[in-house]
Amino acid sequence: EQDMIVNYLDNKVSKISDTIKNNKKEIELLEEYKWTRINELLKYGFNNDTTNTKISYIKKVAKNWKIAKLGRIFEIKKDIAGKEGYEVLSITQNGIKVKDIQSNEGQLAADYSKYQLVEIGDFAMNHMDLLTGWVDCSKYNGVTSPDYRVFRNKNIKKYDSKFYLYFLQLCYKYKIFYNMGQGVSNLGRWRLPKENFLNTIIPVPSYNEQVEIRKYIDEIVTKIDDIINYRKQ
């Protein structure tokens, strides 16, 4: 009976392990495909007519597009709250989240009045950790760490925020910001200086193209993420 049970379990464990391995591999390939498509769409959209650039992380861009520095589109802000009572926001790999400060879990600050204000539509990034940090556009009003970088779109009628959010996230995913970082150790606090951030070169299609591309990327991301979540389950 022991032998029969062991043989049965060996067979089942092997099949289940293979299924887990295959699912993990499929998730990795789906993630890779998703960001490859985002990368292509942000650089030349639906255009086949491209031109080469001297910028290593862009390489080629649609011929009818412009290129510009991030500082043309975004401005950095730093408004200190000055009082308690705001929602506390943290930047995670899954975006900006409201932190539960009542649970006493994770890092807590002694005085949230010294945190900086974040409004709906503002961007916030962890520019001190360019390996596991992230950037997102806030859906909440609140405050976040004064060590983070908060910035906003200068002209929402000219620049689609979600289009450029994808590009900013791509800069984390493909370590573009990491390669622009500075610090004592690239295994610790490897920061992205303000000047390097604002001087990052980005493609600039027309506003209508930005919206069209962003909507198409949204569809791709939704479909692929649904499959990934199913595989994880």
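Two strands count as paired here if DSSP finds at least two bridges between them. Helices (H or I, at least four residues) and strands (E, at least two) are themselves DSSP runs, numbered from the N terminus. The structure is a predicted model, in which local features need pLDDT of at least 70, side-chain atom pairs count only at pLDDT 80 or more, and totals for chains, interfaces and linings use all residues. Residues are numbered from 1 along each chain as its sequence is written, and side-chain values use heavy atoms, with hydrogens and water left out.

On to the strands. S3, covering residues 66-69, runs antiparallel to S12, and four bridges link the two. One residue to look at is Lys-69, whose bridge partner in S12 is Ile-201. Strand S12 spans residues 201-204, with Ile-201 and Pro-203 pointing one way and Ile-202 and Val-204 the other. Whichever way they point, all four of these residues are buried, where buried means under 20% relative accessible area, exposed over 50%, and partly exposed in between (1.4 Å probe, protein chains only).

Next, the cysteines. With a disulfide taken as a pair of cysteine sulfur atoms within 2.5 Å, the count comes to zero. Cys-137 is in no disulfide, and the nearest cysteine sulfur, in Cys-171, sits 16 Å away. Seen from Cys-171, the closest cysteine sulfur is that of Cys-137, and there is no bond because 16 Å is too far. Both side chains are tucked away: Cys-137 is buried at 18% relative accessibility, and Cys-171 is buried at 1%.

Two lysines have backbone angles worth a look. Lys-59 is not a glycine, yet has a positive phi of about 65 degrees. The loop that holds Lys-59 runs between strand S1 (50-52) and strand S2 (60-62), and Lys-59 is exposed, at 58% relative accessible area. Lys-175, also a residue other than glycine, has a positive phi near 60 degrees. Its loop lies between helix H3 (161-173) and helix H4 (176-179), and at 42% relative accessibility Lys-175 is partly exposed.

Finally, the surface. Ile-5, Tyr-8, Leu-9 and Val-13 make up a nonpolar patch of about 410 Å², and Val-13 belongs to helix H1, residues 2-44. Patch residues have over 30% relative accessible area and no salt bridge (a side-chain nitrogen of Lys or Arg within 4 Å of a carboxyl oxygen of Asp or Glu). Like charges are joined within 9 Å, and nonpolar side chains (Val, Leu, Ile, Met, Phe, Trp, Tyr) within 5 Å. Accessible areas come from the Shrake-Rupley method with a 1.4 Å probe, and for residues only the protein chains shown count as cover.
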